[in-house]
2 protein chains.
Amino acid sequence: MLTIKEIAEMARVSRSTVSRVLNESGYVSEEARKRVLEVVERTGYVPSQHAQSLRTKKTRVIGVVLPKLGTETAGRVVNGINEILSEQGYQILLTSTNLQAEKEIEYLRLLKSRQVDGIILSATNINDNLLAEIKQLKLPFVAIGQDIPSVSSVTYDDFHAAKAMTELMIKKGRSKIAFIGVDEADQAVGVMRKQGFLQAMKQNGLQVRKEWMVTADFDIPSGSRAMAQILAETTEGNKPDAIFCVTERIAVGAMQTLKETGFKIPAQISITGIGASDISKYVDPALTTMDYENETAGKEAAKMLLAQIEKNILTHKKIVLNGRLIIRNSI
Amino acid sequence: MLTIKEIAEMARVSRSTVSRVLNESGYVSEEARKRVLEVVERTGYVPSQHAQSLRTKKTRVIGVVLPKLGTETAGRVVNGINEILSEQGYQILLTSTNLQAEKEIEYLRLLKSRQVDGIILSATNINDNLLAEIKQLKLPFVAIGQDIPSVSSVTYDDFHAAKAMTELMIKKGRSKIAFIGVDEADQAVGVMRKQGFLQAMKQNGLQVRKEWMVTADFDIPSGSRAMAQILAETTEGNKPDAIFCVTERIAVGAMQTLKETGFKIPAQISITGIGASDISKYVDPALTTMDYENETAGKEAAKMLLAQIEKNILTHKKIVLNGRLIIRNSI
DNA sequence: GTTAAACGTGGAATCGATTCCACAACATAG
DNA sequence: CTATGTTGTGGAATCGATTCCACGTTTAAC
């Protein structure tokens with residue numbers, strides 16, 4: 001690996017001059033500049049980022065903490081982040097907790113020790129330890145998906161998204177609506193979407209049967225199981241005529257169970273979810289859902305973070321994105 | 001940000017001693033060790049990775065270059081890589097070219113300037129410039145998906161995968177088989193899979209109609225268009241009775257067109273692809289395909305890279321993974 | 001009771017950049 | 001012809017760690 005010292009010798013100038021040329025700062029004669037650039041070009045020299053960072057305290061690296069890689073959703077978020085950051089010459093240092101909550105704190109510390117210029121966290125569950133850790137980070141920070149007190153965030157209007165989906169089915173004449181949610185440790189998905197559903201039901205004077213409100217995990221098979229659980233609580237004369245799932249994948253799983261059990265969708269039963277990756281478009285019937293435009297969320301988060309970094313002030317700001325309703329054949 | 005110097009002062013020892021405690025090297029008295037650890041614990045001190053890297057030439061960061069983020073496949077590969085690397089205390093510096101070939105070289109240089117300990121590249125097209133760049137990197141390196149001369153790689157047996165899928169349809173009694181491929185700039189997907197298809201046809205004495213061999217891009221809509229193109233070349237009396245698509249997403253798109261046109265799958269026509277993300281399981285009928293187990297590929301690549309880094313020898317080694325056949329209802 | 005080995009510790013050099021400062025050369029102003 | 005800028009350059013300090021080396025102090029060996 002070449003160093004600035006060697007470049008300096010080859011160009012017959014001092015290291016200071018090489019640095020000045022490369023950073024376009026201070027006075028450099030045309031003579032010297034040309035010699036330096038020629039050597040740099042010829043040798044393919046690239047300054048050591050570590051030495052630079054050590055000196056300047058800027059790394060041009062952003063830490064990203066994800067709950068899980070390997071889903072289209074996560075990929076899209078990262079893609080959005082990457083699009084904005086790479087334009088500005090920033091790189092992404094990626095970590096994934098694989099849904100282990102204790103790793104979130106570990107990774108935040110790790111990223112700090114790598115002196116990242118900022119952190120974007122896509123969290124699922126927020127606990128007090130995590131909150132405390134974030135507070136004392138003293139780093140530009142943006143959360144995606146969950147609203148965290150006194151911290152910048154990009155979130156979705158989960159309450160109204162869920163309410164709108166539920167109302168849509170009610171308007172289509174459905175009234176016996178079942179619900180598949182997730183654990184309430186997840187504020188956005190577990191709590192807000194559930195409340196949206198309940199409010200829609202209440203405002204329309206509809207009953208909610210307790211046995212028809214079950215919880216699932218975030219994957220497809222779990223949606224299938226949850227649906228089976230609801231059907232087990234169902235007598236022949238009193239079947240649900242609609243089902244609202246808090247995520248797209250749960251809905252896909254539920255739909256699978258319904259089809260296997262012989263239900264006709266949407267003739268006998270409607271089904272909706274939230275979130276729009278490719279799969280919901282190509283299941284049969286295509287799923288009515290809410291597109292959360294994850295790329296946009298990633299982009300907005302990245303922009304907010306860059307703004308914080310540049311202004312060098314740790315203000316906080318909240319962005320709430322609205323989903324885009326996609327009506328397909330499942331209702 | 002705390003520095004080692006401050007920790008040293010607080011623990012009333014020298015910086016050397018602090019360093020020895022943290023790295024568990026050399027002699028340190030129990031007395032001093034305890035004092036240092038106590039201070040570290042209390043202050044939450046974490047050493048600056050940049051200073052460490054500058055001194056030790058090790059960063060514990062691996063650069064990953066992807067063609068595109070935001071697909072389940074890419075996510076799974078990264079997930080596999082991450083699983084192995086994070087166990088060993090390595091981080092991922094992620095870059096995505098978004099399918100712009102010239103960016104690959106740019107990113108390789110960038111990663112080198114960040115002194116990553118190694119690079120994993122998931123390439124689509126390999127051109128001479130890229131090859132030359134890789135050669136002169138002088139860094140531990142592993143390619144995923146494409147076989148690159150004299151460089152370590154984890155690839156799939158694309159030829160036999162395609163051949164097996166084609167033979168499967170032939171065994172089911174199909175003979176008028178159409179083919180949807182991709183551009184041949186992609187050696188693995190464009191060339192090898194095509195050859196596997198052609199060989200299966202040839203060995204079974206089957207004709208391949210030129211109008212029934214078309215190319216698509218890597219996305220679903222493009223598969224739909226390609227299928228429409230084939231159907232346009234088809235007279236009423238001579239319709240294909242099977243179609244092999246080189247990717248799962250192309251197959252999903254093609255299936256959509258077939259269903260819209262009124263074909264009964266698999267009664268009138270069989271369809272297969274390669275690659276198994278969730279979508280192929282939940283389309284109707286479920287797609288017969290080859291699971292390429294991207295997580296495994298990611299893991300193997302990471303392991304190979306770590307082996308190179310530890311042995312500090314730039315040997316190369318090839319791993320060829322076999323897909324796992326998944327027979328579903330589309331044939 | 002020397003002599004040698006095992007412990008413990010701090011000083012100082014080093015990694016590869018940036019940047020402040022001093023100084024020289026030359027031009028311009030008064 | 002002295003003062004005052006403007007250019008241009010290199011030296012040296014600095015960022016925050018690691019690590020070699022020198023130098024004490026114990027402990028063990030014969």
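Which of the 28 residues around DNA strand C come nearest? Select A:T3, A:I4, A:S48, A:R55 and B:R20, since these come nearest to the strand. A residue counts as near a strand if one of its heavy atoms lies within 4 Å of it.

Before going on, note that this is a predicted model, in which local features need pLDDT of at least 70, side-chain atom pairs count only at pLDDT 80 or more, and totals for chains, interfaces and linings use all residues. Residues are numbered from 1 along each chain as its sequence is written, chains are lettered from A and ligands numbered from 1 in the order in which they are written, and side-chain values use heavy atoms, with hydrogens and water left out.

Next, show DNA strand C with the polar contacts (pairs of N or O atoms within 3.5 Å).

- At A:S48, a polar backbone atom is 2.5 Å from a phosphate oxygen of the strand.
- At B:S14, a polar backbone atom is 2.8 Å from a phosphate oxygen of the strand.
- At B:R20, an N or O atom of the side chain is 2.6 Å from a base oxygen.

Now colour α2 (15-23) and α4 (49-56) in chain A and in chain B: these elements give two or more residues to the surface near DNA strand C. Helices here are DSSP runs of H or I with at least four residues, numbered from the N terminus.

Last, select chains A and B. A rotation of 180 degrees with 0.1 Å of shift along its axis superposes chain A on chain B, with an RMSD of 0.2 Å, by least squares on the C-alpha atoms of residues with pLDDT of at least 70 in both. The two copies are thus related as by a two-fold rotation axis.

Key
A polar contact is a pair of N or O atoms within 3.5 Å; within protein, one must be able to donate a hydrogen and the other to accept it, and residues adjacent in sequence count only if both atoms are side-chain atoms.
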